[in-house]
Amino acid sequence: MTKEIAVIGLGQFGGSAVKQLHKLSADVTVIDISESKVKHYEDYAVECIVGSATDENMLKTIGIEHYDEVIIAIGEDIQTSILCTLILKELGVESITAKAQSNHHGKMLKKVGADNVLHPETEMGIRLANQLVNMSLVDYMEISDDTAIVEYDANERFINSPLINIDIREKFGLNVIAIKRNKEVIVPPDPQMNILENDVLVIIGKIENLNIFESKMIKPKS
Ligand code: ADP
């Protein structure tokens, strides 16, 4: 079934979410106080509304509570994003994702009922730092406080041996969920398949286990 998602606030963050949701065939409704912003995204949306995130009547009229997900992508105006979260919660919206500008903002959003709080700038900073310190790291995404998905370039240690030989589950409590090879994503990877040069291993697990794996297998002490 097609997911119905509303995006409120069409700045950099909201706008890219809208384009990607459209690409993934979701039914997107865009809402922004600026008419030109709404106009800019009309080709990506099934419904376009010029209005305020805190206009309870408008939100009721469009039946916001029937959406599968509402994304509040207003960072600058903290008061508006909090009030909007509160209204959506009261109207019975099933899942609210809100963008936070700071830790304090994030805490308040959680308090008033946001189900997911995103800190895009902080997350990008962490990702960049991880990549700079560990050159084998291709990408890093925390999916909760203690769990992450990481992508590593296969180093010489792994190349030309079958995936099962790393014994990653037994030794480190981690799982290789995919292998990226050229433009192909092999998911799930066959444990017997040989790892090749330029492969990228996509690994999920507890951050503490990922750190152990990294220190022993990716950056072994000389
Ligand atoms: P980003 O950092 O992702 O660019 P901004 O916070 O700068 O995000 O952008 C916020 C967007 O939200 C803008 O497009 C702005 O017009 C819109 N916006 C601001 N206040 C409201 C409001 N009360 N109701 C709806 N949209 C709003």
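**Close-ups of a predicted model**

**View 1. Arginine 181 and the residues it touches.** Leaving aside residues up to four places away in sequence, arginine 181 is in touch with Ile186, Met193, Asn194, Ile195, Leu196 and Asp199. Keep in mind for this and every other view that the model is predicted. Arginine 181 belongs to strand β9, which covers residues 175–181. Is arginine 181 buried or exposed? It comes out as buried, because its relative accessibility is 17% and the cut-off for buried is under 20%. One of the neighbours also gets a polar contact: the arginine 181 side chain reaches the backbone oxygen of asparagine 194, with 3.0 Å between them.

**View 2. Glutamate 214 and its tyrosine partner.** Here we're looking at helix α8, residues 207–218, which includes glutamate 214. Glutamate 214 has a relative accessible area of 16%, so this residue goes down as buried too. Which side chain does glutamate 214 pair up with in a polar contact? That would be tyrosine 152, and the two side chains are 2.5 Å apart at this contact.

**View 3. The ligand and its shell.** There are 18 residues around the ligand, and those that come nearest are Gln12, Phe13, Asp32, Ala53 and Lys99. Sorted by type, the shell holds six nonpolar, eight polar and four charged residues. If you're setting up a pocket, that's the mix you have to work with: eight polar residues alongside six nonpolar and four charged ones.

**View 4. Backbone contacts to ligand oxygen.** Zoom in on the backbone and a few polar contacts show up. Phenylalanine 13 has a backbone N or O atom 3.0 Å from a ligand oxygen atom. For glycine 75, a polar backbone atom sits 3.0 Å from an oxygen atom of the ligand. Glutamate 76 also offers a polar backbone atom, this one 3.1 Å from a ligand oxygen. How much of the ligand's accessible area does the protein cover? On its own the ligand has 580 Å² of accessible area, and the protein covers 81% of that.

**View 5. Strands β1 and β2 side by side.** Strand β1 (residues 4–8) and strand β2 run parallel, joined by five bridges. To find your way between the two strands, start at isoleucine 8, whose bridge partner in β2 is isoleucine 31. Strand β2 takes in residues 27–32 and is mostly covered, with five of its six residues buried.

Conventions
Residues are numbered from 1 along each chain as its sequence is written. This is a predicted model: local features need pLDDT of at least 70, side-chain atom pairs count only at pLDDT 80 or more; totals for chains, interfaces and linings use all residues. Side-chain values use heavy atoms; hydrogens and water are left out. Helices (H or I, at least four residues) and strands (E, at least two) are DSSP runs, numbered from the N terminus. Buried means under 20% relative accessible area, exposed over 50%, partly exposed in between (1.4 Å probe, protein chains only). A polar contact is a pair of N or O atoms within 3.5 Å; within protein, one must be able to donate a hydrogen and the other to accept it, and residues adjacent in sequence count only if both atoms are side-chain atoms. Contact means heavy atoms within 4.5 Å. A residue is near a molecule or strand if one of its heavy atoms lies within 4 Å of it. Accessible areas come from the Shrake-Rupley method with a 1.4 Å probe; for residues, only the protein chains shown count as cover. Ala, Val, Leu, Ile, Met, Phe, Trp, Tyr, Cys and Pro count as nonpolar, Asp, Glu, Lys and Arg as charged, and the others, Gly among them, as polar. Two strands pair if DSSP finds at least two bridges between them.
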